[in-house]
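Let's walk through this structure together, one piece at a time. Keep the picture beside you as you read.

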Amino acid sequence: MPSFLLYAAAALAEIAGCFSVWAWWRLGASPLWLLPGVLALGAFAFLLALVESDAAGRAFAAYGGIYIAASLLWLWGAEGQRPDRFDCAGAALCLAGAAVIVLAPRG
């Protein structure tokens with residue numbers, strides 16, 4: 001699976017897992033929300049470990065840009081709040097940084 005798809009799947013799993021805790025803690029959802037959340041967070045870690053990289057820290061750093069953009073898509077799609085221009089500008093900067101990390105020529 002290409003790295004971008006792994007990053008995207010990892011982001012969805014991480015956001016879903018974190019949102020389950022948010023829903024329980026902040027929105028009063030049932031503690032049962034934590035069960036799929038734990039599974040989602042486990043899937044996130046597994047998916048991120050599948051990314052081809054010579055160093056874990058580099059894979060995690062590149063993932064950060066994808067996570068930020070995916071979080072804004074979650075904000076819009078799941079929470080019904082459209083990202084504003086500052087959200088979009090920040091995500092673009094983060095994606096540019098992630099691209100530098102991923103696409104840099106290394107020996």
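In this predicted model, a search of the whole structure turns up one salt bridge. It joins the side chains of Asp54 and Arg58, with a nitrogen-to-oxygen distance of 2.7 Å. That falls within the 4 Å allowed between a side-chain nitrogen of Lys or Arg and a carboxyl oxygen of Asp or Glu, so the pair counts as a salt bridge. Side chains of opposite charge can pair when their charged atoms come close. Are the two partners buried or exposed? Asp54 has a relative accessible area of 61% and is exposed, while Arg58, at 29%, is partly exposed.

Now step back to the whole chain. You will find four helices and zero strands, and reading along the sequence gives the pattern α-α-α-α. The C-alpha trace spans about 50 × 35 × 20 Å along its principal axes. Of the 107 residues in the chain, 27% are buried. Contacts also link distant parts of the sequence: among those between residues at least 6 apart, 63% join residues at least 24 apart.

Helix α1, residues 3-27, is a good place to see how the helices meet. Start with its neighbor α2, which covers residues 34-49. The axes of these helices, α1 and α2, come within 8 Å and cross at roughly 155 degrees. An angle over 145 degrees counts as roughly antiparallel, and therefore α1 and α2 are described that way. The crossing of α1 past α2 is left-handed. Which residues of α1 and α2 meet? On the α1 side they include Leu6, Tyr7, Ala13, Val21 and Trp24, and on the α2 side Leu34, Leu41, Phe44 and Leu48 are among them. By class, this contact of α1 with α2 has 16 nonpolar, three polar and one charged residues.

Helix α1 also packs against α3, which runs over residues 56-77. Here the axes lie 9 Å apart, and the angle is about 60 degrees. This makes α1 and α3 oblique to each other, and α1 passes α3 in a right-handed crossing. The α1 residues involved include Phe4, Ala11, Leu12, Ile15 and Phe19; among their partners in α3 are Ala59, Tyr63, Ile66, Tyr67 and Trp74. Sorted by class, the contact of α1 with α3 has 16 nonpolar, one polar and one charged residues. Looking back at both lists, you can find Tyr7 of α1 in the contact with α2 and again in the contact with α3. Glu14 of α1 likewise meets α2 and also takes part in the contact with α3.

Two further residues are worth finding. Val38 sits in helix α2, and with a relative accessible area of 59% this valine is exposed. How far apart are Val38 and Arg26 in sequence and in space? They are separated by 12 residues in sequence and by 17 Å in space, C-alpha to C-alpha.

Leu50, by contrast, belongs to the loop between α2 and α3. With 40% relative accessible area, Leu50 is partly exposed. Try tracing from Leu50 to Pro2: they are 48 residues apart in sequence, and their C-alpha atoms are 9.8 Å apart in space.

Notes. Residues are numbered from 1 along each chain as its sequence is written. This is a predicted model: local features need pLDDT of at least 70, side-chain atom pairs count only at pLDDT 80 or more; totals for chains, interfaces and linings use all residues. Side-chain values use heavy atoms; hydrogens and water are left out. Buried means under 20% relative accessible area, exposed over 50%, partly exposed in between (1.4 Å probe, protein chains only). Axes are lines fitted to C-alpha atoms, for helices over the stretch in contact, and angles run from 0 to 180 degrees between N-to-C directions. Helices (H or I, at least four residues) and strands (E, at least two) are DSSP runs, numbered from the N terminus. Angles under 35 degrees count as roughly parallel, over 145 as roughly antiparallel, 65 to 115 as roughly perpendicular and the rest as oblique. A crossing is left-handed if the near helix is turned anticlockwise from the far one by less than a right angle, and right-handed if clockwise. Contact means heavy atoms within 4.5 Å. Ala, Val, Leu, Ile, Met, Phe, Trp, Tyr, Cys and Pro count as nonpolar, Asp, Glu, Lys and Arg as charged, and the others, Gly among them, as polar.
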